[in-house]
Amino acid sequence: MLGIGVDVGGTSIKSALIEIGDPARPETYSILKFQSIPTEAANGRDAVVANIIKSIERFDWRSCEYIAVASAGTIDWDSGTVTFATDTLKGYTGLELSKILSEKFGRRVIAINDAVGALVAEAFIGAGRRANSIMMFTIGTGLGVSFLKDKMLDSSSVVDTRMGHFKLYPDGRKCTCGECGCAEQYVSATALKRYGNENLYHLFRANDAVSKNVMSKFYKDFSTVIAEAVKRYSPDMVIVGGGVIEMAEYWWQNFLKEYKIRSEAPIACAGLGNKAGVLGSVYAMANGKFDRQ
Ligand SMILES: [Zn+2]
């Protein structure tokens, strides 16, 4: 059978046509086609929804068993409604995403949070296959932190922790959520780009004192946030994903030195790259329990 998975981020919307041998067996999921289009978040929520629809219509959706969306914003697992989104996706808060898409396509379409989607994929298909309770940090435009308890796919076991908005520095930088000093203002691709280099590859490879200082602060901030989240949720394993993981060879070993000072929880890089969201959304739809989606 076939499924379509969509991953809505602040910058791009990725979608994939996925072949599924047996919905309950993660190893039988394989991506047949993958594409990416701009989110056009600056054009407002209707433009974003139109682009989500476009990204589904690029495939023969009528022949698919599952259509599932993992999107930025806090999304209620049971209802598929966006309960909170920062100004990156203006007007997105309150959007009944699952309902709108289900009506548009005349069939069930589920919506979950994008960090949750990536977590589900890594937990069942990727780096977390052998662990039970998993916490995933996704470093992108913002910092997504989601937790999966005992590999159960229901609303009480899948938690969008919002630790990206954990107050790392009281009176720190203004955040898109309206508060100040949130973790994602220090631990995100956006935050790192603030130091002058749009291409993070240059920052990670640089040898000058200023860049090294930026990175050393990033390692400390990031490991502090992880340690705090581990204390609150006690995962068996921590997985780190997002675009910067593609450049892990330049920073991961140095980061681990700081991390090990602050936390003992086993940690690994995500293994599915930018395919995690599309895979996780479909896997969640095929195996999860949703009350009102
Ligand atoms: Zn915030």
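The questions below concern a predicted model, and they deal with one sheet and one loop residue.

Q: What is the strand order of the open sheet of five strands?
A: The pairing in this sheet is mixed. Its edge strands, each pairing on one side only, are β3 (29-38) and β7 (110-113). From one strand to the next the twist averages 20°. The order is β3-β2-β1-β4-β7.

Q: In which sense, parallel or antiparallel, do β1 and β2 run?
A: A hairpin connects β1 to β2 through three residues. Seven bridges join β1 to β2, the latter covering residues 12-20. One of the bridge partnerships places I4 with L17 in β2. The two strands run antiparallel.

Q: How many bridges pair β1 with β4, and in which sense?
A: Strand β1 covers residues 2-8 and strand β4 covers residues 66-71. V6 stands opposite V69 in β4, and D7 has A70 of β4 as its bridge partner. The pairing is parallel, and the number of bridges is six.

Q: What angle does the direction of helix α3 make with that of β7?
A: Helix α3, residues 114-124, packs on the sheet. The strands touched by α3 are β1, β4 and β7. With the direction of β7, that of the helix makes about 90°.

Q: Why is β1 described as largely enclosed by the rest of the structure?
A: Burial here requires 20 or more other C-beta atoms within 10 Å of a residue's own. Strand β1 has seven residues, and it is largely enclosed because the number of them that are buried is six.

Q: Where does I245 lie?
A: Two elements bound the loop in question: β11, residues 237-241, and α7, residues 252-262. I245 lies in the loop between β11 and α7.

Q: Is I245 buried or partly exposed?
A: The count of other C-beta atoms within 10 Å of I245 is 19. A buried residue would need 20 or more, and an exposed one 12 or fewer. I245 is therefore partly exposed.

Q: Which residues is I245 in contact with, leaving aside its neighbours within four places in sequence?
A: I245 and K212 are 33 residues apart along the chain, and their C-alpha atoms are separated by 18 Å. Contact is a matter of C-beta atoms within 7 Å. With the neighbours within four places left aside, the contacts of I245 are V240, C269 and A270.

Note on methods:
Residues are numbered from 1 along each chain as its sequence is written. This is a predicted model: local features need pLDDT of at least 70, side-chain atom pairs count only at pLDDT 80 or more; totals for chains, interfaces and linings use all residues. Two strands pair if DSSP finds at least two bridges between them. Helices (H or I, at least four residues) and strands (E, at least two) are DSSP runs, numbered from the N terminus. Axes are lines fitted to C-alpha atoms, for helices over the stretch in contact, and angles run from 0 to 180 degrees between N-to-C directions. Two residues are in contact if their C-beta atoms, placed from the backbone, lie within 7 Å.
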